[in-house]
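Welcome, and thanks for joining this short tour. Please open your viewer and get ready to select a few residues along the way.

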Amino acid sequence: MTPDWTEDQPIYRQLKDKVVAAIMEGSLREGEALPSVRNVAVDLQINPITASKAYQELVMDGLVEKKRGLGMFVMDGARSKLMEAERDRFLNEEWPRVMETIRRLGLDAETLLKNSSAN
């Protein structure tokens, strides 16, 4: 993870999103330990409380579990849970906007398919 923070949302939320992305992409696997709060804070140059808050939200979301004395671990089923939620969000929020744009521009399936295979 890289410390490329933006101003549009709190750092703890951005860190949480980075961990979620790593789980979805498979670079953090189910059962795998997350870096310690202390290591994340040092590596990303953030306050340990900020890192702890991000991790706590992942626990509350049921994606990560805390094992006393061992650290935080990605829970079994976390990736599929995230993928299902992301699919639902895409189909219910983004896809309707895409469809409206396609309709507004007068595009047809043939044109879309031809252009998508060219890229």
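In which helix does L91 lie? Select L91 and you will find yourself in helix α4, which covers residues 78–105. Keep in mind as you look around that this is a predicted model.

**Stop one: a patch on the surface**

Stay with L91 and switch on the molecular surface. L91 is exposed, because its relative accessible area is 51% and the cut-off for exposed is over 50%. Now add F90, W95, V98 and M99 to your selection: together with L91, they make a nonpolar surface patch of about 430 Å².

**Stop two: charged pairs along helix α4**

Next, turn to the salt bridges; the structure holds seven of them. For one of these, select E86 and R89, whose side chains meet in a salt bridge with 2.4 Å from N to O. Both residues belong to helix α4 and sit three residues apart, about one turn of the helix. Are they buried, exposed or partly exposed? E86 is partly exposed at a relative accessible area of 32%, and R89 is partly exposed too, at 28%.

Now select E100 and R103. Here the closest N and O atoms of the salt bridge are 2.3 Å apart. This pair also lies in helix α4, again with a spacing of three residues, about one turn of the helix. Color the two by accessibility if your viewer allows: R103 counts as exposed, with 56% relative accessibility, whereas E100 is partly exposed at 31%.

**Stop three: a link between distant parts of the chain**

Leave helix α4 and select K16 together with D61. These two form a salt bridge, and their closest N and O atoms are 2.6 Å apart. Which parts of the chain does this pair link? K16 is in helix α1 (residues 11–25), while D61 is in the loop between α3 (48–60) and β1 (64–67), so the pair joins distant parts of the chain, 45 residues apart.

Is K16 buried or exposed? K16 is buried because its relative accessible area is 7%, and buried means under 20%. Its partner D61 counts as partly exposed, at 32% relative accessibility.

**Last stop: a small addition**

Keep K16 and D61 selected and add E57. You now have a network of salt bridges that links K16, E57 and D61. Show the side chains of these residues as sticks and turn the view to follow the network from one residue to another.

How values were computed: Residues are numbered from 1 along each chain as its sequence is written. This is a predicted model: local features need pLDDT of at least 70, side-chain atom pairs count only at pLDDT 80 or more; totals for chains, interfaces and linings use all residues. Side-chain values use heavy atoms; hydrogens and water are left out. Patches are made of residues with over 30% relative accessible area and no salt bridge: like charges are joined within 9 Å, nonpolar side chains (Val, Leu, Ile, Met, Phe, Trp, Tyr) within 5 Å. Accessible areas come from the Shrake-Rupley method with a 1.4 Å probe; for residues, only the protein chains shown count as cover. A salt bridge is a side-chain nitrogen of Lys or Arg within 4 Å of a carboxyl oxygen of Asp or Glu. Helices (H or I, at least four residues) and strands (E, at least two) are DSSP runs, numbered from the N terminus. Buried means under 20% relative accessible area, exposed over 50%, partly exposed in between (1.4 Å probe, protein chains only).
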